[in-house]
Structures are given as structure tokens and as C-alpha cells.
Amino acid sequence: MSPVARPAAYITLGGAGSGKSTVSRHISEHTGALYLDKDVLAGPLVGVALEALGENASDRESNDVYLRRVMPLEYEALFAVAGQNLSLGHPVVLDAPFVAYLSDPGYLRTAMAGARWPEVAVRVIQVVASPATVKRRLIERANARDRIKLDDWDAYWQAFGSLKCSWEGVERFQVANDEDDDFSEVDALLESLQA
């Protein structure tokens, strides 16, 4: 496949409540890329797996069993489904937090190779929002998994509020997403990527 014809893989990442899923869906709508949400792909199975392993299905960020045994399989499945679609020439948007993997410079390269991705244009888009916006969104969506975050908000924000992506060998971008329905920053980025 020539470099011009390579499908694109948009990898959106960010913490809970940052708005990464909203941004991901917007990217999908405006580029025609297939939308792949890790939680939709594997979420129900993760809950069952954690319960079967005797763990709290709502506690993931601090659960060692989830982090070591279950989460890697979620991401493996996400990359495998993306790889199959990319091999068929379909661009994709991967919607996942990637929090546990952001500090590993080689993570993305390794995950792509493990899933046998073809040569693609990879755009990593980190979605960020202010602590007040994130907290408001978590309260409004009332997800059981967010209760642990909100119960000790200061500790949660200190640990997960300002994560840095250190992945090497890919284009990385950051978009602020404090305004719920304002996609101007995302649209400007997409336009620059199409130029």
C-alpha cells in the first residue's frame, strides 16, 4: 500500500471524564473512520472476569488483578480488531484511556506489532480537561465505576489528572475539551492532518 493510500489510525486517549469518547465519536463522524471503544468491546466481559476472580468489578485503577491480568487482554482485543480493519483498508478510531501504558515509550509500537497492523498513519490525540470539568462530568454520568474516583477526588486527580504520553515514533497531539459541544480545536486539528 502506498503512503498516500495508507489508512489512518486515530488513537484518542485521556482520563475518565476528559471527553475522549465524545471527541472519538466526532472524529469518526467527520473522517469516516470506524469507531472502536474499548469499554464497548470488552467492558461486560471485564466485569464478569473480575467477579469470577473474586474482585470488585467497579475498582479498576487500584486493582492489581485487573491491571496485571485483565486489562492487558482488553487492549490486546482492541488492537486486534483495529488491525483487522486496518488490513482491510478501513481507518479506525481507538477510544481508550491507555493510562497504564502512557509512560512506556515503546508501548504503542509493541502493541501494533503484536496485532500485526499494516503500515498506517497513526495519530495519537490526548484529550484533556480541567479538574472542575472532569469532576462535573463524572458526577453527571453517575457511572458506578466513577464512585471510587469521586470518593477520594483529590487523590484521584493527583494521580491521574495530568498524565503525559511518552510514546515514541508517532505523531502526538493534545486537544483541550472543557466545552461540551465545542469541537473547533478538534476540527482544526483534523483539517491540518488532511492538508
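**Exercise 1. The largest pocket**

Determine the volume of the largest pocket in this predicted model, and describe its lining by position, element and residue class.

*Solution.*
Step 1. The volume of the largest pocket comes to about 800 Å³.
Step 2. Its lining comprises 36 residues, and those nearest the centre are Ala16, Lys20, Pro97, Arg141 and Arg145.
Step 3. Two or more lining residues come from each of helix H1 (20–31), helix H2 (38–52), helix H3 (64–87), helix H5 (131–141) and helix H7 (153–160).
Step 4. Sorted by class, the lining of the largest pocket holds 15 charged, twelve nonpolar and nine polar residues.

**Exercise 2. The second largest pocket**

Characterise the second largest pocket in the same terms, and identify which element gives the most to its lining.

*Solution.*
Step 1. The second largest pocket has a volume of about 190 Å³.
Step 2. It is lined by 16 residues, with Val127, Val128, Gly161, Ser162 and Leu163 the closest to its centre.
Step 3. Strand E4 (121–128) and H7 are the elements that give two or more residues to this lining. E4 gives the most, with three residues.
Step 4. The class division of the lining of the second largest pocket is eight nonpolar, seven polar and one charged.

**Exercise 3. Sheet topology**

Establish the strand order of the open sheet, and explain why one side of E2 and of E5 is left without a neighbour.

*Solution.*
Step 1. The open sheet consists of five strands in the order E2-E3-E1-E4-E5, with parallel pairing.
Step 2. Strand E2 (34–37) and strand E5 (171–176) occupy the edges and each has a single partner strand, so one side of each lacks a neighbour in the sheet.
Step 3. From one strand to the next, the twist averages 20°.
Step 4. At the E5 edge, E4 and E5 run parallel and are joined by six bridges. Arg123 has Glu171 in E5 as its bridge partner.

**Exercise 4. Helices packed on the sheet**

Specify which strands H2 touches and which strands helix H8 touches, and give a direction angle for each helix.

*Solution.*
Step 1. H2 packs on the sheet through contacts with E2 and strand E3 (92–95). The direction of H2 makes about 35° with that of E2.
Step 2. Helix H8 (residues 184–194) also packs on the sheet, where it touches strand E1 (8–13), E4 and E5. The angle between the directions of H8 and E5 is about 155°.

**Exercise 5. Strand E1**

Describe the pairing of E1 with E4 and with E3, and assess how far E1 is covered.

*Solution.*
Step 1. E1 and E4 run parallel and are joined by six bridges; in E4, Ala121 is the bridge partner of Ala8.
Step 2. E1 also pairs with E3 in the parallel sense, over four bridges. Here Thr12 stands opposite Asp95.
Step 3. In a regular strand, side chains alternate between the two faces of the sheet. In E1, Ala8, Tyr10 and Thr12 point one way, while Ala9, Ile11 and Leu13 point the other way.
Step 4. Six of the six residues of E1 are buried, and the strand is mostly covered.

**Exercise 6. Two residues with positive phi**

Phe98 and Arg116 have positive phi values. Locate each residue and decide whether Phe98 and Arg116 are buried or exposed.

*Solution.*
Step 1. Most residues other than glycine have a negative phi. Phe98 has a phi of about 60°, and the phi of Arg116 is near 55°.
Step 2. Phe98 is in the loop between E3 and helix H4 (107–114), whereas Arg116 is in the loop between H4 and E4.
Step 3. Phe98 has 0% relative accessibility and therefore counts as buried, the limit being under 20%.
Step 4. Arg116 has a relative accessible area of 70% and is therefore exposed, the limit being over 50%.

**Exercise 7. Two helical residues**

Classify Asn85 and Leu138 by accessibility, and list their contacts beyond four places in sequence.

*Solution.*
Step 1. Asn85 is part of helix H3. Its relative accessibility is 17%, so Asn85 counts as buried.
Step 2. Beyond its sequence neighbours within four places, Asn85 is in contact with Leu34, His90 and Val92.
Step 3. Leu138 belongs to helix H5 and, at 1% relative accessibility, counts as buried.
Step 4. With residues up to four places away set aside, Leu138 touches Ala16, Gly17, Asp146, Lys149, Leu150 and Trp153.
Step 5. Leu138 and Gly47 are 91 residues apart along the chain, and their C-alpha atoms are separated by 19 Å.

Technical notes:
Residues are numbered from 1 along each chain as its sequence is written. This is a predicted model: local features need pLDDT of at least 70, side-chain atom pairs count only at pLDDT 80 or more; totals for chains, interfaces and linings use all residues. Side-chain values use heavy atoms; hydrogens and water are left out. On a 1 Å grid over the protein atoms alone, a cavity is a set of points where a 1.4 Å probe fits but cannot get out, and a pocket is an open set with protein on both sides within 12 Å along at least five of seven lines; lining residues have an atom within 4 Å of a point. Grid points are joined across faces, edges and corners, and a volume is the space filled by probe spheres set on the points. Ala, Val, Leu, Ile, Met, Phe, Trp, Tyr, Cys and Pro count as nonpolar, Asp, Glu, Lys and Arg as charged, and the others, Gly among them, as polar. Two strands pair if DSSP finds at least two bridges between them. Axes are lines fitted to C-alpha atoms, for helices over the stretch in contact, and angles run from 0 to 180 degrees between N-to-C directions. Contact means heavy atoms within 4.5 Å. Buried means under 20% relative accessible area, exposed over 50%, partly exposed in between (1.4 Å probe, protein chains only).
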